[in-house]
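Colleague: Before I rely on any of the labels attached to this model, I would like to hear the reasoning behind them.

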Amino acid sequence: MNINGYTRTCGLIGNPVEHTMSPAIHNTLAQAMGENLVYVPFRVQKDGLLAAIEGAYALNLQGLNITVPYKSQVIPCLKEIDPLARLIGAVNTLVYTEGGYKGYNTDMPGLYRAMCEDGVGMEGENILILGAGGAARAVAILAAKKGAGQIILFNRTLEKANKVAEEVNAMEGKALVRALTLEDYGTLPKGEKYLAIQATNVGMFPDVEKAVIEEEEFYKRVHTGYDLIFNPAETLFMKRVRENGGKAFGGLKMLLYQGIIAYELWTGRQVDEILAQKAYSKMKKAMGIR
Ligand code: NAP
């Protein structure tokens with residue numbers, strides 16, 4: 001690309017950022033759409049977040065992605081926050097506006113877009129969520145907003161799952177979500193099939209031989225499994241779902257669409273499906289997936 005005086009810069013703030021896939025998404029989109037924009041990763045130390053955001057604004061950076069561990073910490077640094085991001089309590093995209101950055105959460109709309117493309121719906125579904133961290137909480141909110149039937153959170157630390165369940169139930173004004181420990185899956189009625197969303201860190205590279213629940217009995221109750229982990233491309237969770245006759249999907253498409261939605265916010269332009277597939281192929285190639 002030709003970098004000149006009109007080139008706009010976007011980037012990623014996090015720590016670490018070295019293994020990010022985001023430059024592959026955004027630079028592919030910018031090049032294909034003839035947008036004079038570059039995207040670069042910035043490693044920011046934990047006491048440097050506010051200085052980094054203020055510096056980025058002073059340097060006229062068009063937009064930023066925010067990743068681990070700053071998705072919640074960044075909120076006080078913003079001029080404005082989108083209502084969905086406020087509800088979720090996590091921001092992964094900043095957009096330059098007059099007077100400061102506006103924060104959005106594109107992770108959950110990204111997951112929803114990926115699920116729609118894969119033909120997996122949430123409306124009326126009984127959903128099992130594994131985990132009760134930031135991602136699991138956001139998935140529970142998304143599922144509630146999309147009209148899920150019942151939502152059951154399974155987590156190693158029951159108090160955390162209870163807290164998320166209470167918060168989402170308070171938001172919805174009804175007892176939609178309940179919390180159980182990982183071992184409690186046996187209390188689910190036999191013969192009932194669920195959509196299961198894996199939102200823990202367990203099974204992520206290099207611990208690819210692990211799943212947060214490994215017993216076959218659990219997977220017999222799953223008609224579709226969605227793992228938010230994207231490395232490896234097929235997690236043990238996904239393998240177990242498939243072995244027991246279910247459909248399984250990984251987190252790479254969610255990663256793609258959270259990026260595409262951010263790119264659309266920065267540029268005001270829509271990314272078409274052909275281009276989305278091109279960026280997806282680039283990501284798969286970068287991960288060594290055919
Ligand atoms: P987090 O807030 O740190 O939460 C981690 C969750 O994993 C907690 O529920 C924790 O349980 C559980 N956990 C961790 N180690 C465990 C173990 N050894 N045994 C049982 N449970 C364990 O992390 P997060 O931000 O929610 O992220 C969760 C996952 O989502 C990560 O794998 C991340 O890569 C993925 N993610 C993917 C995308 C994407 O675009 N594809 C976007 C966002 C997140 P406790 O509460 O008991 O500690």
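The exchange below takes up the sheet, an aromatic pair, the unusual backbone geometry and the ligand in turn.

Colleague: What kind of model is this?

Modeller: This is a predicted model, and side-chain atom pairs count only at pLDDT 80 or more.

Colleague: What makes β1 and β2 a pair of strands?

Modeller: Pairing requires at least two bridges, and strand β1 (residues 8–14) and strand β2 (residues 37–43) have seven, in the parallel sense, so they are a pair by that definition. Within the pair, glycine 11 stands opposite valine 40 in β2. The connection from β1 to β2 passes through helix α1 (residues 22–32), and this β-α-β crossover is right-handed.

Colleague: How do you know that β4 and strand β6 pair as well?

Modeller: Two bridges join β4 to strand β6 (residues 100–104) in a parallel arrangement, and since the definition asks for at least two bridges, the requirement is met. Isoleucine 81 stands opposite glycine 103 in β6.

Colleague: Why is the pairing in the sheet called mixed?

Modeller: The open sheet has six strands in the order β2-β1-β3-β5-β6-β4, with mixed pairing. β1 and β2 pair in the parallel sense, while β3 and strand β5 (residues 93–97) run antiparallel and are joined by three bridges, with leucine 64 opposite leucine 94 in β5. Five bridges join β5 to β6, again antiparallel, and threonine 97 has glycine 100 in β6 as its bridge partner.

Colleague: Which strands stand at the edges of the sheet, and why?

Modeller: β2 and β4 (80–81) each have a single partner strand, so one side of each is left without a neighbour in the sheet.

Colleague: What makes tyrosine 57 and tyrosine 101 an aromatic pair, and why is the pair called edge-to-face?

Modeller: Their ring centres are 5.3 Å apart, which falls within the 6.5 Å limit, and the angle of 85° between the planes is over 60 degrees, so the pair counts as edge-to-face. The structure holds nine aromatic pairs. Because tyrosine 57 lies in helix α2 (residues 49–58) and tyrosine 101 in strand β6, this pair ties together parts that are 44 residues apart in sequence.

Colleague: Where are the cis peptide bonds at proline 69 and proline 232, and what are their omega values?

Modeller: Valine 68 and proline 69 are joined by a cis bond with omega about 5°, and proline 69 lies in the loop between β3 (63–66) and β4. The bond from asparagine 231 to proline 232 is also cis, with omega near 15°, and proline 232 is in the loop between β11 (222–227) and α8 (236–243).

Colleague: What makes the phi of asparagine 60 worth a remark?

Modeller: Most residues other than glycine have a negative phi. Asparagine 60, in the loop between α2 and β3, has a positive phi near 70°.

Colleague: How do you know that the ligand has polar contacts with alanine 132, alanine 135 and threonine 157?

Modeller: An oxygen atom of the ligand is 2.9 Å from a polar backbone atom of alanine 132, and for alanine 135 the corresponding distance is 2.7 Å. For threonine 157, a side-chain N or O atom is 2.4 Å from a ligand oxygen atom. These distances lie within the 3.5 Å limit, so each counts as a polar contact. The protein covers 75% of the 930 Å² of accessible area that the ligand has on its own.

Note on methods
Residues numbered from 1 in each chain as written. Heavy atoms only, no water. Polar contact = N/O pair within 3.5 Å; in protein donor to acceptor, adjacent residues only side chain to side chain. Areas by Shrake-Rupley, 256 points an atom, 1.4 Å probe, with all protein chains shown as cover. Helix = DSSP H or I, 4+ residues; strand = E, 2+ residues; numbered from the N terminus. Right-handed = clockwise from strand over helix to strand, strands pointing away. Phe/Tyr/Trp six-rings, centres within 6.5 Å; stacked < 30°, edge-to-face > 60°.
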